[in-house]
Every structure is written in C-alpha cells, then in structure tokens.
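Open the model in your viewer and keep the selection tool at hand. Each stop below says what to pick and what is there.

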Amino acid sequence: MRKILWEQLKRTEFKQYADADAVVIIPVGAMEQHGNHLPVNTDTNCIYTLAKCAADAVDDIPLLVLPPVWAGYSPHHMSMEHPEGTISLGYHTFANLLTDIAAGVHAHGFRRVMFLNGHGGNTAIVASIRLKLLEEKGIPSIYGFTYWELPDMAGAMRDISETDKGFIGHAAEFETSLQLLLQPDLVDMEVAEWDTGVAGNPASASREKGKLMFDATVNSLVGVIRRYHAGEYEDARVWRKTI
Ligand SMILES: [Zn+2]
C-alpha cells in the first residue's frame with residue numbers, strides 16, 4: 001500500500017522511502033483569527049489539504065507529508081482589536097521549531113525536505129530557514145515557499161479574482177473561497193465582510209472560485225515536487241530561489 005502520511009509509517013518503513021530519495025513536505029500553518037466568518041484553523045486546513053492532494057496526485061514519486069505545524073508567527077493578529085483564538089509562537093520559537101523538525105527528517109536519511117507555508121506572517125521565516133539549516137546544521141536541499149507564490153499562481157489568481165485583484169489578502173476572497181470548498185460547514189457567509197482583521201472582500205467568495213484556486217495550486221505544486229525530485233532548486237547558496 002502506498003502511504004503518503006509520515007505518521008502512518010512504521011519505523012521499519014522509513015529507510016525504503018529515504019533510499020528512494022523521497023520528498024518530505026512539512027506543511028506550515030497558523031492558528032489565527034480570520035474575521036467573523038472563518039475558523040481559526042483556516043491556514044492550517046488549507047495548507048495541509050493542499051499538501052495531501054498534491055502528494056496523492058504524484059503517485060510515481062516517493063513522497064511523505066508530515067502533520068502540519070498548526071501554530072505560526074502571528075503577533076500582528078494578537079495585537080488586533082479581535083485576536084480571539086489566535087495563538088502565536090515567538091519568532092525564535094517558530095524558527096527553532098521548523099529547524100528541529102527539518103533536522104529530525106534529515107537525520108533519517110531524507111535530503112529533499114520542503115516547507116509548504118500557508119500563512120503570510122510565516123513567509124520570510126520559512127523562506128530563510130533554508131540558509132539557516134545549511135549554515136548552522138549542515139543540512140542542504142531545504143526549500144521553503146508559500147502556496148500563493150508558487151509558479152503561475154499570480155496569473156491564475158488574477159484570473160479567478162473579481163474584487164481582490166489577485167491579492168491573497170486575509171480571510172478575503174481567496175481564503176473564504178477555499179474554505180467554502182474545504183470546510184463549508186465552518187463558514188458563515190452572512191457575516192462575511194471587510195471588517196477589522198480582514199484584508200480584502202470575503203463577500204465575493206464562492207465555492208467555484210475555491211475549486212479553481214485549489215486546482216491551480218495543486219497543479220503548480222505537483223510541478224514543483226517533480227522538479228525538486230529531479231534535482232532542481234538545489235543551489236544551496238540561494239536562500240530563496242525565484243520559481
Ligand atoms: Zn489565512
């Protein structure tokens with residue numbers, strides 16, 4: 001049976017994945033207020049589901065997905081008028097957590113470790129972990145990025161968007177559309193409005209836009225996984241490669 005979830009393997013199964021040069025995806029999310037209309041797990045739910053669907057779609061490459069990092073760097077949401085539900089890690093706590101998880105993966109023989117981020121506040125830290133791991137831990141081939149910055153996503157998002165001009169925003173057109181697709185029972189469109197703690201227009205969201213966004217992201221992610229496994233993105237001195 002092909003397995004894609006790290007947590008489901010037995011200890012006897014890891015070596016075969018490492019020997020096959022498996023790509024290991026570490027989804028990185030947040031626990032953060034997303035307006036009055038979305039659950040606080042929005043970023044974590046989006047990124048974990050995207051990672052699992054991309055992994056399912058790449059059935060000819062060995063690949064494992066770790067459980068998502070559910071808290072991120074969100075101090076700007078803790079200081080908002082309505083931070084309720086937000087749990088933010090400290091800057092160094094967050095960086096050290098990602099470092100230790102990647103080092104643990106690498107210790108078992110994996111050399112293609114990919115952070116996949118779903119929260120804007122994490123972006124710069126996730127991107128810079130590649131250099132930190134190389135210089136401080138001697139671990140190469142770490143690649144980190146944020147899903148809406150994947151190849152071709154800017155154009156796809158401009159095409160999908162009606163009100164937010166392709167801008168991911170926060171709890172707005174895109175995230176609300178994705179949640180209407182992924183967790184519709186947890187979305188309350190009656191209170192979806194451009195309010196404090198929301199950046200963009202959630203009222204224009206739809207399940208159809210969520211499906212277009214989701215499919216575009218998975219397609220792009222599949223391409224990156226294939227190229228990464230084939231040896232691209234390995235210039236270890238480039239702290240954040242343009243893709
Ligand atoms: Zn979000």
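Select Ile 26 and look across to S3: the bridge partner there is Phe 115. The model you are viewing is predicted. Now widen the selection to the two strands. S1 covers residues 23–28, and six bridges join this strand to S3. The two run parallel. For another pair in the same ladder, pick Val 24, which stands opposite Val 113 in S3.

**Stop: the faces of S3**

Select residues 112–117, the whole of S3. How many of its six residues are buried? Six are, and the strand is mostly covered. Show the side chains. Arg 112, Met 114 and Leu 116 point one way. Val 113, Phe 115 and Asn 117 point the other way. Both sets are buried, Arg 112 and Asn 117 included.

**Stop: the faces of S1**

Go back to S1. Here too, six of six residues are buried. Val 23, Ile 25 and Pro 27 point to one side of the strand. Val 24, Ile 26 and Val 28 point to the other, and every one of these residues is buried.

Next, add residues 63–65, which form S2. S1 and S2 pair in the parallel sense, over three bridges. Select Val 23 and find Leu 63 of S2 opposite. Then trace the chain from S1 through H2 to S2: this β-α-β crossover is right-handed.

**Stop: the zinc ion**

Select the zinc ion and its protein donors. Which atoms are they? They are NE2 of His 34, an OD atom of Asp 43 and two OE atoms of Glu 175. The distances to the ion run from 1.9 to 2.7 Å. Check the angles as well. The four donor atoms subtend 53 to 132 degrees around the ion, so the arrangement is irregular. Four donors would count as tetrahedral only if all angles lay between 85 and 135 degrees.

Along the sequence, the donor residues follow the spacing H-x8-D-x131-E. His 34 sits in the loop between S1 and H2 (42–57), while Glu 175 sits in H7 (residues 173–182), so the pair ties together parts that are 141 residues apart in sequence. Are these two residues buried or exposed? Both His 34 and Glu 175 are buried.

**Stop: helix H7**

Extend from Glu 175 to the whole of H7. The helix is mostly covered, with nine of its 10 residues buried. Colour the buried ones: Glu 173, Phe 174, Glu 175, Thr 176, Ser 177, Leu 178, Gln 179, Leu 180 and Leu 181. Now show what lies over them. The cover includes H2, H6 (153–160) and H8 (207–229).

**Stop: Gln 33**

Return to the loop between S1 and H2 and select Gln 33. This residue counts as buried, at 4% relative accessibility. Its side chain reaches the backbone nitrogen of Gly 35 at 2.7 Å. Expand to its contacts, leaving out residues up to four places away in sequence. Gln 33 touches Val 40, His 77, Met 80, His 82, Pro 83, Glu 84, Thr 86, His 170 and Gly 197.

**Stop: Thr 86**

From that list, pick Thr 86. You are now in the loop between H3 (75–78) and H4 (91–107). Thr 86 is buried, with a relative accessible area of 8%. Which atoms does its side chain meet? A polar atom of this side chain lies 3.0 Å from the backbone nitrogen of Gln 33. The side chain of Thr 86 also reaches the backbone oxygen of Pro 83, at 2.7 Å. Leaving out residues up to four places away in sequence, Thr 86 touches Met 31, Glu 32, Gln 33, Ser 74, His 77 and Met 78.

**Last stop: two backbone angles**

Most residues other than glycine have a negative phi. Two residues to check go against that. Select Asp 21, in the loop between H1 (14–19) and S1. Its phi is positive, about 60 degrees, although Asp 21 is not a glycine. Then jump to Lys 165, in the loop between H6 and H7. Phi of Lys 165 is near 55 degrees, again a positive value in a residue other than glycine. Is Lys 165 buried or exposed? At 77% relative accessibility, Lys 165 counts as exposed.

Conventions
Residues are numbered from 1 along each chain as its sequence is written. This is a predicted model: local features need pLDDT of at least 70, side-chain atom pairs count only at pLDDT 80 or more; totals for chains, interfaces and linings use all residues. Side-chain values use heavy atoms; hydrogens and water are left out. Buried means under 20% relative accessible area, exposed over 50%, partly exposed in between (1.4 Å probe, protein chains only). Helices (H or I, at least four residues) and strands (E, at least two) are DSSP runs, numbered from the N terminus. Two strands pair if DSSP finds at least two bridges between them. Donors are N, O and S atoms within 2.8 Å of the metal (3.2 Å for Na, K and Ca); water is not among the atoms, so sites may look incomplete. Four donors count as tetrahedral if all angles lie between 85 and 135 degrees; four count as square planar and six as octahedral if opposite donors are over 155 degrees apart and all others between 65 and 115; anything else is irregular. A crossover is right-handed if, with the strands pointing away from the viewer, the path from the first strand over the helix to the second runs clockwise. A polar contact is a pair of N or O atoms within 3.5 Å; within protein, one must be able to donate a hydrogen and the other to accept it, and residues adjacent in sequence count only if both atoms are side-chain atoms. Contact means heavy atoms within 4.5 Å.
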